[in-house]
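Visitor: I've got a model open and would like a quick tour. Mind if I fire off some questions?

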Amino acid sequence: MSALDLFASGMGAFILIAIILLIREMGSAPPICPPPTPAQTCEVCPICQSCPETPVPEPCPEARIADVLIVVQGSWQVSGDMDLYVKTPDGLFYFGNNFIPGRPGQMTLDNRSGGRQGNPALEIWQSYEPTPGKYLICFDNFNARNRSRMGGRIDKPSGPVDIPRVSLRSSERKTVYAFEITQDWKFLTLPLAGAGSC
């Protein structure tokens, strides 16, 4: 080793260390690897010999809109009493006849003093599952000043409908809106011409 170091100059020490490490590495035992995990086998599923056919669900009956509620309101700004009339297939609803026994519909609010300080006065008629047929809505100027204006709105499942404001002379009653509820609960606006009166 000394001769090797003498002939190789400074590389002798490097060669000596490399040889020692190589011998040590050759004499060591090979690393122990963990035994391989056996592959899991799938259980064979039994073949269905007579599987029942999946029943086809019956089509659901066409559902109408739940809670068929019609709300009609009349409103005015001035003081005094103006009235809402609703003529239905079951009869005429107004302040003196706010419900008809055994029939859908009722006057639920009757304002007799009018609007105050910018708050409109309201009269409201509503009906849960109203009878199919023709409906008329009338406004009446009972004792408000001459040429007072009254408007309103109809709230229904398919969306609201505005009733335009109309000017009414003192003691004048006017048909302002006509509609029909069909047997399948559709709401149809009718022309006012020839609709009749409340």
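Visitor: How many bridges join β2 to β3?

Guide: Bear in mind that this is a predicted model. The two strands run antiparallel, and Lys87 stands opposite Leu92 in β3. The number of bridges joining β2 to β3 is three.

Visitor: Which strands stand at the edges of the open sheet, each with a single partner strand?

Guide: The sheet has five strands with antiparallel pairing, in the order β3-β2-β6-β9-β10. A strand with a single partner has one side left without a neighbour in the sheet, so look at the two ends of that order. The edge strands are β3 (91–93) and β10 (187–190).

Visitor: By how much are neighbouring strands of this sheet turned against each other on average?

Guide: Ignore direction for this one, and take the average over neighbouring strands. The angle comes out at 25°.

Visitor: Which residue in the turn between β7 and β8 has a positive phi?

Guide: β7 and β8 pair in the antiparallel sense over six bridges, with Ser148 opposite Leu168 in β8. They form a hairpin with five residues between them. The phi in question is about 125°, and the residue is Gly159.

Visitor: Which residues touch the most other members of the largest nonpolar core?

Guide: That core has 27 residues, and β1, β7 and β8 are among the strands that each supply at least two of them. One well-connected member, in β7 (148–155), has contacts that include Ile70, Tyr177 and Phe187: that's Ile154. The full answer is Trp125, Ile137, Phe139, Ile154 and Tyr177.

Notes. Residues numbered from 1 in each chain as written. Predicted model: local features only at pLDDT ≥ 70, side-chain atom pairs only at ≥ 80, totals over all residues. Heavy atoms only, no water. Core = buried A, V, L, I, M, F, W, Y, C linked by side-chain atoms within 4.5 Å. Buried < 20%, exposed > 50% of the residue type's maximum accessible area, 1.4 Å probe, protein only. Helix = DSSP H or I, 4+ residues; strand = E, 2+ residues; numbered from the N terminus. Contact = heavy atoms within 4.5 Å. Pairing = 2+ DSSP bridges. Axes fitted to C-alpha atoms, helices over the stretch in contact; angles between N-to-C directions. Lists of a residue's contacts leave out its neighbours within four places in sequence.
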